[in-house]
Amino acid sequence: MPQFAKMIKYKFFPSHKYDKLDAWLNDMSKNGWRLINYGFLKYEFQRSNNAERTYFTYNLGGFRNDDGYYSIGLRYPRLKEQYGLAPRYSFLNKNIRDKFFSKIIIELDAKKIDKGFSYIVDERNILYRKQFLMNIIYISIAVIGFAIITII
């Protein structure tokens with residue numbers, strides 16, 4: 001088995017920017033680099049001769065949005081099985097269970113992507129942007145409240 005070159009990149013993508021993370025990973029794949037491992041900021045790639053790959057990122061967490069829908073991970077618990085490459089074809093998908101944090105990245109199977117998947121992508125983007133804005137509001141209220149208390 002030939003040894004392929006590896007590369008490590010460090011980037012920060014908050015959840016409301018997962019669409020940008022997916023685009024970056026897909027660009028890396030177009031340039032011949034497939035994702036083989038990841039962490040909070042670390043992304044490990046390996047040079048690949050295979051066809052380009054498509055990635056999807058979501059949070060595993062159990063947050064609810066305003067409409068009462070569950071998070072992407074809870075709402076679509078079989079997302080990897082439904083849209084991902086089979087673990088025997090994807091080193092990344094085979095090792096997802098080893099991740100101990102909430103960010104999940106899966107390699108998608110192009111043959112399985114349908115209109116329903118584009119709905120999931122749109123829903124993820126709206127949900128995570130809404131959560132980001134709500135967090136900004138909560139932090140602002142806490143800072144203003146703390147400032148008022150210290151002035152009084």
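**Notebook: helices, strands and two buried residues**

I began with helix 5, residues 115–151, and checked its length: at 1.5 Å a residue its 37 residues should span 54 Å, and because the end C-alpha atoms are 55 Å apart, the expected and computed spans agree. I note here that this is a predicted model, so every value in these entries is computed from predicted coordinates.

**Entry on the whole chain.** I then stepped back to the overall layout and counted five helices and five strands, which follow one another from the N terminus in the order β-α-β-β-β-α-α-α-β-α. Of the 152 residues, 39% count as buried, and the accessible surface of the chain comes to about 9,700 Å², with 60% of it belonging to carbon and sulfur atoms. I also looked at how far apart in sequence the contacting residues are, and found that, among contacts with a separation of 6 or more, 66% join residues 24 or more positions apart.

**Entry on helix 5.** Which residues of helix 5 are buried? I listed Phe117, Ile120, Glu123, Arg124, Asn125, Leu127, Tyr128 and Gln131. These buried residues pack against helix 1 (18–30), strand 4 (54–59), helix 2 (72–75), helix 3 (79–83) and strand 5 (103–108). At the N-terminal end of helix 5 I found a cap, Asp114, with a side-chain oxygen that lies 3.1 Å from the backbone nitrogen of Gly116.

**Entry on the three-stranded sheet.** I turned next to the sheet made by three strands, which is open, has the order 1-3-2 and is paired in the antiparallel sense. Its edge strands are strand 1 (6–10) and strand 2 (33–38), each of which pairs on one side only, and the twist averages 30° from one strand to the next. As a reminder to myself, strands of a sheet pair through backbone hydrogen bonds, either parallel or antiparallel.

I followed the pairing strand by strand. Strand 1 is joined to strand 3 by five bridges, the two running antiparallel, and Lys6 stands opposite Gln46 in strand 3. Strand 2 is likewise antiparallel to strand 3 (residues 42–47), with five bridges between them, and I noted two of the facing residues: Leu35 has Phe45 as its bridge partner, while Asn37 has Glu44. Strand 2 and strand 3 form a hairpin, and three residues lie between them.

**Entry on helix 1.** What lies across this sheet? I found helix 1 lying across strand 1, strand 2 and strand 3, and running at about 20° to strand 3. I repeated the length check for helix 1: its 13 residues, at 1.5 Å each, should span 18 Å, and since the end C-alpha atoms are 18 Å apart, this agrees. The buried residues of helix 1 are Tyr18, Leu21, Asp22, Trp24, Leu25, Asn26, Met28 and Ser29, and they pack against strand 1, strand 2, strand 3, strand 4, strand 5 and helix 5. After helix 1 comes Gly32, where I read a positive phi, near 95°.

**Entry on strands 4 and 5.** Strand 4 is mostly covered, with five of its six residues buried. I saw that strand 4 pairs with strand 5 over six bridges in the antiparallel sense, and that Thr54 stands opposite Leu108 in strand 5.

**Entry on Ile104.** I picked Ile104 for a closer look, as a residue of strand 5. Is Ile104 buried or exposed? Its relative accessibility is 4%, and because buried means under 20%, Ile104 counts as buried. Leaving aside residues up to four places away in sequence, Ile104 touches Tyr38, Phe56, Thr57, Tyr58, Leu60 and Ile96. I also computed its separation from Asn93, which is eleven residues away in sequence and 9.6 Å away in space, C-alpha to C-alpha.

**Entry on Ser90.** Lastly I looked up Ser90, which is found in the loop between helix 3 and helix 4 (91–94). Ser90 has a relative accessible area of 0%, so this loop residue is buried. Which residues does Ser90 touch, not counting those up to four places away in sequence? I found Arg53, Leu85 and Glu107.

Notes:
Residues are numbered from 1 along each chain as its sequence is written. This is a predicted model: local features need pLDDT of at least 70, side-chain atom pairs count only at pLDDT 80 or more; totals for chains, interfaces and linings use all residues. Side-chain values use heavy atoms; hydrogens and water are left out. Helices (H or I, at least four residues) and strands (E, at least two) are DSSP runs, numbered from the N terminus. Buried means under 20% relative accessible area, exposed over 50%, partly exposed in between (1.4 Å probe, protein chains only). Contact means heavy atoms within 4.5 Å. Accessible areas come from the Shrake-Rupley method with a 1.4 Å probe; for residues, only the protein chains shown count as cover. The expected span of a helix is 1.5 Å times one less than its number of residues. A polar contact is a pair of N or O atoms within 3.5 Å; within protein, one must be able to donate a hydrogen and the other to accept it, and residues adjacent in sequence count only if both atoms are side-chain atoms. Two strands pair if DSSP finds at least two bridges between them. Axes are lines fitted to C-alpha atoms, for helices over the stretch in contact, and angles run from 0 to 180 degrees between N-to-C directions.
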